[in-house]
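Please open the model in your viewer and keep the sequence panel beside it, since each stop on this tour begins with a selection.

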Amino acid sequence: MKFRLHTYGCQMNVRDSDAVAAMLTAAGHQQSVTEDEADFIIVNSCSVREKAEDKAMGKLGLLCKTKRERPERKVALMGCMAQRMGKDIFKKIPLLDFTVGTRRCGTIPQLVQRVLDGETNIIEISKSEATPDVPDSHNETGYAAFVTILLGCNRRCAYCIVPDVRGPEFSRPAKEILTEITALTKHGIREVTLLGQSVMNYGLMNSVWDEHDSPSPGGYTEAFSRLLEAVATIPEIQRIRFTSSHPSGCTEEMVRAMNTLPKVCHHLHLAVQSGSNRILKLMRRGYTREEYLDAITRLRAAMPDFSLTSDIIVGFPGETEQDFEETRSLMEQAQFDNAFIFKYSTRPGTPAAEMNDDVSKDEKMRRNQVLLADLDIQGQKKNEALIGSIQEILVDGPSLRNAERWAGRTPGNKIAVFTPREGLTPGTLVKVRIIKAAPQTLYGEIV
Ligand code: SAH
Ligand code: SF4
Ligand code: F3S
């Protein structure tokens, strides 16, 4: 049968979809190029904001409609919305063939078979206390791969649905991760991004190294730094990234690991969410504005070329003009290389859902626009400062806009566009001198 995955949400979902595609291919099915020719469509959903759920719900509705003309076609749901809604999804989408929770991805090949054998409306929802199945199959083409190292989240920020839909933290054994990455290198992977919601909490809740593992050559005692060091010993791996981070994870040892292991990129995605201490407290983020700024000061002191991206929520319940201005001033102080700005969206069952969502839609939109304009100016300034510098680029291939130019990424995760030279192949490192800058892109020449 021909299958197709439709993925919404974050890198975790991208990674899960990739694993599912690999498992289905191994089971003898074929990934279809177009949706039209697919016999089996699986929607991988996100619940983080209402809009994300609306998109997946709309897609499912449309797909199930096509079942009228194509009754043999199968439609299924996986991911965070599947986990959140449980069997209620069948009330909204009665023709759904199966729905599977976030920690049961590994069962999908069997569920697909059961549906092909005639069953429908199957539900397989993860129980948070059960050990999750973590598929290690990959389907990646290209040279970069995501590897989930920490599942779930224990933080419970007031606005966030992720702990409900992804369950409590579970760290995968280090050996399993290293085996997975080594296997990936045999398929040409040269860059890995280690994934977790608070990725530096790796190994805090369950042990990941056993007593037979040799001690860390660099003297690292924290599980996450030790893992970075171990991944760096895999010869084919050229670059290591990780996301998402939290200021509490920026320990002295982690900063040392980032700074001394040459393969670890000097980039962090460190979500701040707000610049107002009052709002940060209501959000239950577990740090103050000062602590956040202190963490980035330490990172920049150790790594002058350090690049910083972030997430910000505008219009959290009770956010006043004064609070918003504090976020603007924090942005000015922090000098982000880039950031995602989100309009607050109430998520059912979260602590913030009990608060009054009192910032109007228009005002959220206005605050969103103001921050985007600020960011553009900041991004331009930060990128202009790189003009004349020589950046090491991991080559992606032809640029999307103009195939005569090629693109790749700097260690800071910025896109750089340049003229290729003969014989250049994706997945290799080249040195590029930056000659021009736009807020989101650098332009240069190979040196
Ligand atoms: N674990 C990551 C965040 C994962 S969710 C971290 O803490 O950095 C990605 C982003 O979505 C969050 O950083 C936040 O900015 C945004 N987000 C989460 N819940 C939201 C909500 N209810 N409304 C708007 N944005 C939200
Ligand atoms: Fe959500 Fe906070 Fe966990 Fe990130 S750290 S996933 S924002 S609860
Ligand atoms: Fe969305 Fe789930 Fe990721 S809610 S942001 S897909 S963890």
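For the colouring used at the first stops, Ala, Val, Leu, Ile, Met, Phe, Trp, Tyr, Cys and Pro count as nonpolar, Asp, Glu, Lys and Arg as charged, and the others, Gly among them, as polar. Bear in mind throughout that this is a predicted model.

**The ligand shells**

Select ligand 2 and display the residues around it, which are Cys153, Arg155, Arg156, Cys157, Tyr159, Cys160, Val162, Pro163, Gln197, Ser198 and Arg285. Coloured by class, this shell shows six nonpolar, two polar and three charged residues.

Next, move to ligand 3, whose surroundings are made up of Gly9, Cys10, Asn13, Cys46, Ser47, Val48, Cys80, Arg166 and Gln197. Here the classes divide into four nonpolar, four polar and one charged residues. Gln197 is worth keeping on display, as it is listed around ligand 2 and again around ligand 3.

**The domains and one interface**

Now colour the chain by domain: the domain assignment gives domain 1 (2–124), domain 2 (140–265), domain 3 (267–385) and domain 4 (390–446). Select domain 2 and domain 3 together, and you will find their C-alpha centres 25 Å apart, with 22 residues from domain 2 and 27 residues from domain 3 taking part in the contact.

How much area is buried between domain 2 and domain 3? The value is about 1,900 Å², and carbon and sulfur atoms give 63% of it. On the domain 2 side, pick out Ala158, Tyr159 and Pro247, which lose the most area to domain 3 and together account for 35% of what that side buries. Tyr159 has already appeared on this tour, among the residues around ligand 2. If you look for salt bridges across the interface of domain 2 and domain 3, the rule finds zero.

**Salt bridges**

Side chains of opposite charge can pair when their charged atoms come close. The structure as a whole holds 31 salt bridges, and a few of them make useful stops.

Begin with arginine 156, which you have displayed in the shell of ligand 2, and add aspartate 164: their side chains meet in a salt bridge at 2.9 Å, N to O. Arginine 156 is partly exposed at 40% relative accessibility, and aspartate 164 is likewise partly exposed, with a relative accessible area of 36%. From there, select Arg15, Asp18, Arg172, Glu176 and Glu180, which salt bridges with shared partners join into one network.

Then go to lysine 91 and aspartate 88, which form a salt bridge with their closest N and O atoms 3.2 Å apart. Is lysine 91 buried or exposed? Lysine 91 is exposed, with a relative accessible area of 69%, whereas aspartate 88 counts as partly exposed at 36%.

The last pair to select is aspartate 133 with arginine 104, whose side chains meet in a salt bridge at 4.0 Å, N to O. Aspartate 133 sits in the loop between strand 6 and strand 7 (144–148), while arginine 104 sits in the loop between strand 5 (98–100) and helix 5, so the pair ties together parts that are 29 residues apart in sequence. Both ends are partly exposed, aspartate 133 at 22% relative accessibility and arginine 104 with a relative accessible area of 26%.

**Backbone details in the loops**

Switch to a backbone display and centre on the peptide bond from threonine 243 to serine 244, which is cis, with omega near -5°. Serine 244 belongs to the loop between strand 11 (239–243) and helix 9 (252–260).

Asparagine 121 comes next, in the loop between helix 5 (108–116) and strand 6 (122–124); its phi is near 55°, a positive value in a residue other than glycine. Another positive phi, near 75°, is found at glutamine 273, which lies in the loop between strand 12 (267–269) and helix 10 (277–283). In accessibility, asparagine 121 is partly exposed at 35%, but glutamine 273 counts as buried at 6%.

**A strand residue and its contacts**

Finish at threonine 193, in strand 10 (residues 191–195). Because its relative accessible area is 9%, under the 20% cut-off, threonine 193 counts as buried. Leaving aside neighbours within four places in sequence, threonine 193 is in contact with Ala145, Phe146, Val147, Arg241, Phe242 and Thr243. Thr243 brings you back to the cis peptide bond, which runs from threonine 243 to serine 244.

Note on methods
Residues numbered from 1 in each chain as written. Chains lettered and ligands numbered in written order. Predicted model: local features only at pLDDT ≥ 70, side-chain atom pairs only at ≥ 80, totals over all residues. Heavy atoms only, no water. Near = heavy atom within 4 Å. Helix = DSSP H or I, 4+ residues; strand = E, 2+ residues; numbered from the N terminus. Buried < 20%, exposed > 50% of the residue type's maximum accessible area, 1.4 Å probe, protein only. Domains from an automatic or database assignment. Contact = heavy atoms within 4.5 Å. Buried area = accessible area lost by both parts, 1.4 Å probe.
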